[in-house]
Amino acid sequence: MTTRTDAPTRREQILGQAARLFAERGFHGVGVDEIGAAVGISGPGLYRHFAGKDAMLAELLVGISERLYSGGRRCLAESGEAGLAPGATLDALIGRHIDFALDDRALITLHDRELDRLRDSDRKLVRQLQRQYVELWVGVVRQVHPELPEKEARASVHAVFGLLNSTPHLSRPSSLPDRDAAAALLHRLARGAFAAAAAGAAGDGGPDGGSGGPVGGAYRVDGGTAGAGPRTEG
């Protein structure tokens, strides 16, 4: 999938093309033969890798939830080992999620449209992983903005996810600047949203919300401020 330097396996190639086709034409609008043709194998050959389209959809949606959560946990562990300040840790989380939002737009579309097609156990697992991922963010956001109550911090995290995950709606080439500029813009918007929420909670109309640093500052797109951690692996 995304942000890998090694060549994808055949299974990953199949999943990548399935995600693209499902997002473009809908789950029921794509046949197994078309997915096979996209990776250069016969439709029946796909059954050596997956039981069918339902299995591909489940692996895509459960897989991305697992990767986001595990990547977030790894980010917090690495930040702790490096002794980074909470603001740098938040920048790293934002940077990882931005990589996902820019590089895996098809999966965002797929989640929005097709999550209800998963069997109950897979859908519950996706929701559980998403809740755990949100709570990772809530803890860091409240370290950066201690004046923000837990309930408002959680609502702010959900709102920021909605902002970052809006990238599939900007589909025309002219809708986004180049990747680095888009990542920097999304990073500033996310930081600004948290700072605005904190400022409102504190009854302070100032632009920086107290402890989060300058909203309009120059954040690096590879994980936030200097030393803020590695890029997401999707």
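Which side chain is joined to that of D103 by a polar contact of 2.9 Å? In this predicted model, the partner is R179, whose side chain meets the side chain of D103 at that distance. D103 itself belongs to helix 4 and is partly exposed, with a relative accessible area of 28%. The residue can also be placed relative to T167, which is 64 residues away in sequence, while the two C-alpha atoms are 9.5 Å apart in space.

**The chain as a whole**

The chain holds 8 helices and 0 strands, and its elements, read from the N terminus, follow the order α-α-α-α-α-α-α-α. Of the 234 residues in the chain, 45% are buried, and the accessible surface amounts to about 11,100 Å², with 53% of that area belonging to carbon and sulfur atoms. When contacts between residues at least 6 apart in sequence are considered, 70% of them join residues that are at least 24 apart.

**Helix 3 against helix 5**

Helix 3, spanning residues 53–82, packs against helix 5, spanning residues 105–114, at an angle of about 115 degrees, and the axes of the two helices are 10 Å apart. Their crossing is left-handed. On the side of helix 3, the residues that take part are L57, L60, L61, I64 and R67, and they meet L107, L110, H111 and E114 of helix 5. Sorted by class, this contact comprises 6 nonpolar, 1 polar and 2 charged residues.

One of the participants from helix 5 is E114, which is buried because its relative accessible area, 4%, lies under the 20% cut-off. Beyond its neighbours within four places in sequence, E114 is in contact with G26, F27, L57 and L61, and of these L57 and L61 are also listed among the helix 3 residues that meet helix 5. The side chain of E114 moreover reaches the backbone nitrogen of F27, at 3.1 Å.

**Residues of helix 1, helix 4 and a loop**

A second glutamate whose side chain reaches a backbone nitrogen is E12, located in helix 1 (residues 10–25); here the nitrogen is that of T9, at 2.9 Å. The C-alpha atom of E12 is separated by 9.8 Å from that of L60, which is 48 residues away along the chain, and L60 is one of the helix 3 residues that meet helix 5.

Helix 4 (residues 86–103) contains I94 as well as D103. I94 counts as buried, since its relative accessibility is 0%. Apart from its neighbours within four places in sequence, I94 is in contact with W137, H187, A190, R191 and F194. For one of these residues, W137, the C-alpha separation from I94 is 9.2 Å, across 43 residues of chain.

P44, by contrast, is found in the loop between helix 2 (32–39) and helix 3. P44 is exposed because its relative accessible area of 57% is over the 50% cut-off. The C-alpha atoms of P44 and V32 are separated by 7.8 Å, the two residues being 12 apart along the chain.

The C-alpha separations are set out together below.

| Residue pair | Separation along the chain | C-alpha distance |
|---|---|---|
| P44 and V32 | 12 residues | 7.8 Å |
| I94 and W137 | 43 residues | 9.2 Å |
| E12 and L60 | 48 residues | 9.8 Å |
| D103 and T167 | 64 residues | 9.5 Å |

Methods:
Residues are numbered from 1 along each chain as its sequence is written. This is a predicted model: local features need pLDDT of at least 70, side-chain atom pairs count only at pLDDT 80 or more; totals for chains, interfaces and linings use all residues. Side-chain values use heavy atoms; hydrogens and water are left out. Axes are lines fitted to C-alpha atoms, for helices over the stretch in contact, and angles run from 0 to 180 degrees between N-to-C directions. Helices (H or I, at least four residues) and strands (E, at least two) are DSSP runs, numbered from the N terminus. A crossing is left-handed if the near helix is turned anticlockwise from the far one by less than a right angle, and right-handed if clockwise. Contact means heavy atoms within 4.5 Å. Ala, Val, Leu, Ile, Met, Phe, Trp, Tyr, Cys and Pro count as nonpolar, Asp, Glu, Lys and Arg as charged, and the others, Gly among them, as polar. Buried means under 20% relative accessible area, exposed over 50%, partly exposed in between (1.4 Å probe, protein chains only). Accessible areas come from the Shrake-Rupley method with a 1.4 Å probe; for residues, only the protein chains shown count as cover. A polar contact is a pair of N or O atoms within 3.5 Å; within protein, one must be able to donate a hydrogen and the other to accept it, and residues adjacent in sequence count only if both atoms are side-chain atoms.
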